[in-house]
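Here is an informal walk through one protein chain, from its cores to its pockets. Have the structure open as you read.

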Amino acid sequence: MKHHFLTAIAVSAMALMSCSTDTDTLGSSLTNESDKLNVSTGIYQAHTRSVLADSVFARNFDIYFGQVKDPETGAHIKTEFMAQFNIQEGLKLPGKNQILSKDDDGNIVADSCEIWMVFDKSASYGDSLASLKMNILELSKPMSESKTYYSNYDPRKEGFIREDGLRENLLFSLSNLTYSDSIRKLTGYSDMARISFSEEYTDRDGVKYNNYGSYLLRKYYDHPEYFKNSYAFTNHVCPGFFFEVADGLGLMAKFGMIEMRIYFHYQSQDKQYVSFLATSSTAEVLQTIQVTNDKEAMTSLVEDNSCTYLKAPAGIYTEVTLPVDEIFQDHAADSLLSVNMTFQRQNSGVKASRYLFSAPSNIMMMPTDSLKTFFEKEKTYDFKSAFMATLAGTNSYTFSNIGNLITLLSENKKKGLASDANWLEKHPNWNKVLLVPISMTYTDANKTESVIDNQMGLVSTKLVGGANTPIDVKVIYARFKNQ
């Protein structure tokens with residue numbers, strides 16, 4: 001019971017310790033006479049280094065597309081993506097005999113088919129007038145729900161591109177100047193990249209259509225069972241598309257919405273209407289991002305022992321070797337009231353510019369060996385094995401109490417050695433954690449976290465640390481005097 005009580009007083013202890021270094025009367029001030037505490041403190045040192053991220057789990061809620069030059073390394077970073085499209089369950093279109101859009105042979109045709117890619121300009125990077133050329137390529141098969149996709153996944157090498165399938169290209173910028181100022185000022189207007197599928201299309205069975213939209217409409221009326229849900233739609237009708245950077249530099253666009261629209265005319269009673277079938281690339285279907293990063297350029301940063309780095313997407317992590325044994329040495333009977341670490345940012349040394357990458361807003365601390373499973377299994381911070389820190393102002397990230405993590409790592413070692421004398425050799429990362437830039441998707445206005453992903457936007461920061469600059473780990477211990 002007393003050990004559980006320690007958790008309740010931890011916050012008070014930390015507050016008092018921040019005001020005074022005198023711990024002689026702290027136990028009396030926190031508990032009654034029957035439960036006095038002995039409180040002590042310690043400062044230990046953790047060592048940090050930069051490690052190359054290689055590739056990251058690429059199934060993501062945030063979609064980025066573009067190619068930029070990293071002002072810190074001079075290297076190019078390119079982000080492309082594959083996307084499936086979600087069909088509304090229970091979709092109902094007008095009856096076949098109501099459709100007015102038909103060819104000379106009486107076959108249903110679409111008036112047009114377009115993909116709208118609406119920008120999230122607040123999260124995009126680069127000059128709003130810089131242009132990119134995009135290739136949109138039809139997939140030959142749907143992405144697998146059971147497969148794990150990482151950011152170095154190559155859809156061409158894996159045979160995902162349908163060589164004789166739909167191929168379109170588009171030149172766009174963040175500011176779509178093809179619309180007049182009067183249109184751009186309309187309520188609800190959003191800048192977007194907009195591609196039309198107007199060319200003749202041949203499906204996998206060799207059947208020709210005047211455009212891709214006509215193919216989708218006829219599939220609906222010939223096989224309504226293919227439109228009952230997203231799984232049927234992606235496996236029988238539309239596997240999805242690969243959005244590829246064909247040319248351009250200086251823009252990394254974030255898409256807030258991607259939607260495919262198929263327009264048609266129909267008649268209801270004595271009136272004619274224009275409508276559209278809408279399918280969206282959403283969280284309910286697969287979206288995977290491919291990142292091309294210059295590993296050689298980043299290696300020079302990793303080898304810089306005067307500091308450490310955090311860079312995304314698929315860039316650099318900071319690895320921290322925690323002083324687990326030192327913390328528990330001579331304190332085997334003590335409880336950890338608080339274990340605190342702060343990571344200070346440094347100036348990058350790069351000339352100030354509006355095109356410098358921003359520092360990550362949120363970072364995660366997790367055991368090195370749990371990195372893959374954390375993102376693949378869509379875990380969140382649990383205040384035991386994973387902790388989150390938010391950038392304080394512009395200067396630092398503080399993990400205010402990682403005592404549960406220190407205890408967990410120590411217990412893992414004890415259990416491991418009890419069963420295997422060679423456990424340490426087999427688990428060299430037992431006391432190591434990673435600092436990882438993350439993005440957070442919220443479910444409501446109260447910012448209730450839904451999913452934590454690898455950060456796929458452009459972020460970078462330089463941290464105090466490295467081989468010759470250890471990081472302080474500040475510990476507060478407590479022990480009941482009658483123990």
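The notes below cover the cores, the salt bridges, the cysteines and one pocket of this predicted model.

## Nonpolar cores

Let's start inside. The largest nonpolar core has 80 residues, and the members that touch the most others are Tyr 212, Phe 241, Phe 243, Phe 255 and Met 260. Which strand puts the most into this core? That's strand S12, residues 251–268, with a share of nine residues.

There is also a second core, separate from that one, made of 33 residues. Val 339, Phe 387, Leu 435 and Leu 463 are among them. As background, nonpolar side chains in soluble globular proteins tend to be buried together.

## Salt bridges across the chain

The salt bridge count comes to 17. One of them pairs Lys 254 with Asp 62, with 3.5 Å between the closest N and O atoms. Lys 254 sits in strand S12, while Asp 62 is in the loop between strand S1 (37–52) and strand S2 (63–69), so this contact ties together parts that lie 192 residues apart in sequence. Are the two partners buried or exposed? Lys 254 is buried, at 14% relative accessible area, and Asp 62 is buried too, at 13%. The pair doesn't stand alone: Asp 62, Asp 120 and Lys 254 are linked in a salt-bridge network.

Another bridge joins the side chains of Asp 103 and Arg 218, at 3.8 Å from N to O. It also links distant parts of the chain, with Asp 103 in the loop between strand S3 (76–83) and strand S4 (112–119), Arg 218 in helix H4 (residues 212–222), and 115 residues separating the two. Here the burial is mixed: Asp 103 is partly exposed at 27% relative accessible area, whereas Arg 218 counts as buried at 15%.

## A bridge with exposed partners

Now take Glu 163 and Arg 167, whose side chains meet in a salt bridge with an N to O distance of 3.1 Å. How accessible is each partner? Glu 163 counts as exposed, with 58% relative accessibility. Arg 167 counts as partly exposed, at 38%.

## Cysteines without disulfides

How many disulfides does the structure hold? Zero. Cys 113 makes a handy example: the closest cysteine sulfur to its own belongs to Cys 238 and is 8.8 Å away, which is too far for a bond. The cut-off for calling a disulfide is 2.5 Å between the sulfur atoms.

As for where cysteines sit, Cys 113 is buried at 0% relative accessibility. Cys 307 also counts as buried, at 2%.

## The second largest pocket

Last stop: the second largest pocket, with a volume of about 450 Å³. Its lining is made up of 24 residues, and those nearest the centre are Tyr 64, Ala 123, Ser 358, Gln 455 and Val 459.

Which strand gives the most to this lining? Strand S21 does, with four residues. S21 spans 432–442, and both S21 and S12 supply at least two lining residues each. S12 is thus a familiar name here, as the strand that also provides the largest share of the largest core. By residue type, the lining of this pocket divides into 13 nonpolar, eight polar and three charged residues.

How values were computed: Residues numbered from 1 in each chain as written. Predicted model: local features only at pLDDT ≥ 70, side-chain atom pairs only at ≥ 80, totals over all residues. Heavy atoms only, no water. Core = buried A, V, L, I, M, F, W, Y, C linked by side-chain atoms within 4.5 Å. Buried < 20%, exposed > 50% of the residue type's maximum accessible area, 1.4 Å probe, protein only. Salt bridge = Lys/Arg side-chain N within 4 Å of Asp/Glu carboxyl O. 1 Å grid on protein atoms, 1.4 Å probe; cavity = no way out; pocket = protein on both sides within 12 Å on 5 of 7 lines; lining within 4 Å. Points joined across faces, edges and corners; volume = space filled by probe spheres on them. Nonpolar A, V, L, I, M, F, W, Y, C, P; charged D, E, K, R; others polar.
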